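Biologist: Got a minute to walk me through this one? I'd like to go over the core, the ligand shell and a strand pair.

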Amino acid sequence: MDKRTKETVKIFDDAAERYQDKYMDVSSYSEHLSLFCEALSSDEASILDVACGPGNVAKYIVGRLPSAIITSTDLSSKMLELTKVNVPSATTLLLDAKAIKSIDKKYDGILASFIFPYLSKVEVVDFIQDSASILNDEGVLYISTMQGSDSDSGYVGPSDGVQMYINYHEVNYVEQALNEFGFEIVTSVIQPYDYGVDNNGTDIIILAKLKN
Ligand SMILES: C[S@@+](CC[C@H](N)C(=O)[O-])C[C@H]1O[C@@H](n2cnc3c(N)ncnc32)[C@H](O)[C@@H]1O
């Protein structure tokens, strides 16, 4: 694991319970998560939840699709422990988002909810390519991330007394990579989000489907 990833994961590990308290409710994203559920080929779809955090997104999905087969991955063991409690039906896996290709299995859907802030522009493009290789035909990819100029990426904080490196991403190169690696964009929206008193932002939320 590289130094920056190690640093990021330690911050999430230490703040896992606080993150759960703040972000367990995913209603700001429910419209798009519902579209993800509807776009899946079956109610028993296999879904990979990358960087699952406390299982907030997976819990919403299981509420909509109780028969979905969910594999939740993260590099924070604390987050995986919370996921086990919040989504008992999910299988949990300690895995780097940069290594999803190492899973010897294909999925009907992939959730990439707020992992891109911890991946560089090059890593985001690689992630989209890796997702295409582990999705079944017509598999669905859900992406949410913080919008901004790539050049503004850097350390932010202090939040809880620590600085964390955040990568902002631009919608144009995310969409370009999706097109390049065989996805059709189903929906792509920019949505304002209040991250805190001094940190109003905008999110990019994209739903994409792998073409046959
Ligand atoms: C902002 S939280 C997102 C959690 C959840 N998916 C959500 O949308 O609320 C980011 C998560 O990414 C995890 N993470 C950061 N870098 C990672 C990496 N390289 N591989 C796997 N997980 C990572 C952190 O441990 C944390 O749980």
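Modeller: Sure, what follows is a short round of questions and answers on a predicted model.

Biologist: Let's start with the core. Which strand gives the most residues to the largest nonpolar core?

Modeller: That core has 53 residues, and V50, I61, A112 and L141 touch the most other members. As for strands, the biggest contribution is 6 residues, and it comes from β9, residues 200–210.

Biologist: You mentioned L141. Which residues does L141 touch, leaving out those up to four places away in sequence?

Modeller: L141 is among the core members that touch the most others. Contact here goes by C-beta atoms within 7 Å. With sequence neighbours up to four places away left out, the list for L141 is I110, A112, S131, L135, F183 and A208.

Biologist: On to the ligand. Which element gives the most residues to the shell around the ligand?

Modeller: The shell has 21 residues, with F12, A51, G53, S76 and S113 the closest. Two elements give two or more residues to it: α1 (3–14) and α4 (56–64). The top contributor, with 4 residues, is α1.

Biologist: How many residues of that shell are charged?

Modeller: The shell holds 12 nonpolar and 6 polar residues. The charged ones number 3.

Biologist: Last one: is the crossover from β4 to β5 right-handed or left-handed?

Modeller: β4 (residues 107–113) and β5 (residues 135–146) run parallel, joined by 6 bridges. In one of the pairings, L111 partners Y142 in β5. The chain gets from β4 to β5 through helix α6, residues 121–134, and this β-α-β crossover is right-handed.

How values were computed:
Residues are numbered from 1 along each chain as its sequence is written. This is a predicted model: local features need pLDDT of at least 70, side-chain atom pairs count only at pLDDT 80 or more; totals for chains, interfaces and linings use all residues. A nonpolar core is a set of buried Ala, Val, Leu, Ile, Met, Phe, Trp, Tyr and Cys residues joined through C-beta atoms within 7 Å. A residue is buried if 20 or more other C-beta atoms lie within 10 Å of its own, exposed if 12 or fewer, and partly exposed in between; C-beta atoms are placed from the backbone. Two residues are in contact if their C-beta atoms, placed from the backbone, lie within 7 Å. A residue is near a molecule or strand if its C-beta atom, placed from the backbone, lies within 6 Å of it. Ala, Val, Leu, Ile, Met, Phe, Trp, Tyr, Cys and Pro count as nonpolar, Asp, Glu, Lys and Arg as charged, and the others, Gly among them, as polar. Two strands pair if DSSP finds at least two bridges between them. A crossover is right-handed if, with the strands pointing away from the viewer, the path from the first strand over the helix to the second runs clockwise.
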